[in-house]
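Me: I'm new to reading protein structures, and I'd like a close look at one part of this one. Could you walk me through it step by step?

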Amino acid sequence: FLARLDGLKNDPESSILPSAAEACFSVRDIIDNLDSRLASLEGAGAQEFLSVEFAPAFQRTVEWCGERISSAGESMDAELAVNDRTLSPSDFGFHNAIRRDDGELVFLDFEYFGWDDPAKMISDFLLHPAMDLSPSLKARFVMNMAGDNPAVMERLKTVFPLFGLKWSLILLNAFLPQYRLQRGLDDSDLAETLERQSEKARIMLSAVER
């Protein structure tokens, strides 16, 4: 399905499509997005985790990415060329799919659809909490999506931990009153929900560090 979408990027009509939700075409874009998410969580109740655990990991990861990019003679501000972008649902996975009675898979939910970095699309698929895939299936997905494209593979290696940090913050969305309101979350068991999401965020952060 993703390969077919990528093929459609050469259709003249695709040029009018917008960027995907929170599309990131440079490493600086990803870091700015992380800074924005951190700012939105300030004062929401997760400050101890964010300052004691997340912030140091964020700094180490940015430094690590910077060293990789510098050694390759590139810049964090360099934008991905238009020809190297792809069309992405930006929330792709089996959590947004239905299998029909005849076995056909139908993918749903295109509200975030648009142009994006293939490395971001791959990272989000692998990191999404609803995608419980074995390491062998994750490796198969990566090889099918980027195995014949060294540039995408190298970019994926660089940005993957940054998107892991982003998912760690996404898992803390329950701390935001507006998010709870939009999702209709019941505040009666709020403490339990926040503790559960905090633990998921810690697990994701630990994976990024590894």
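Reply: Happy to! Let's start at Ser90: its relative accessibility is 16%, and because buried means under 20%, Ser90 counts as buried. Keep in mind that this is a predicted model. Where does Ser90 lie? You will find Ser90 in the loop that links strand 1 (86-88) with strand 2 (97-99). Now look at its backbone: the phi of Ser90 is near 65 degrees, a positive value, and Ser90 is not a glycine. That is worth a pause, because most residues other than glycine have a negative phi.

A second loop makes a good companion. Asp109 sits between strand 3 (105-107) and strand 4 (114-116), and Asp109 also has a positive phi, about 70 degrees, without being a glycine. Is Asp109 buried, exposed or partly exposed? With a relative accessible area of 26%, Asp109 is partly exposed, whereas Ser90 is buried.

To place these loops in context, turn to the largest nonpolar core, which has 55 residues. Those touching the most other members are Leu34, Leu50, Phe54, Ile122, Leu165 and Leu172. Several helices supply at least two core residues each, among them helix 2 (27-41), helix 3 (47-71) and helix 8 (190-209). Helix 6 gives the largest share, ten residues. For a final stop, pick Leu172: leaving aside residues up to four places away in sequence, Leu172 touches Leu41, Ala46, Phe49, Leu50, Gln197, Ser198 and Ala201.

Key: Residues numbered from 1 in each chain as written. Predicted model: local features only at pLDDT ≥ 70, side-chain atom pairs only at ≥ 80, totals over all residues. Heavy atoms only, no water. Core = buried A, V, L, I, M, F, W, Y, C linked by side-chain atoms within 4.5 Å. Buried < 20%, exposed > 50% of the residue type's maximum accessible area, 1.4 Å probe, protein only. Helix = DSSP H or I, 4+ residues; strand = E, 2+ residues; numbered from the N terminus. Contact = heavy atoms within 4.5 Å.
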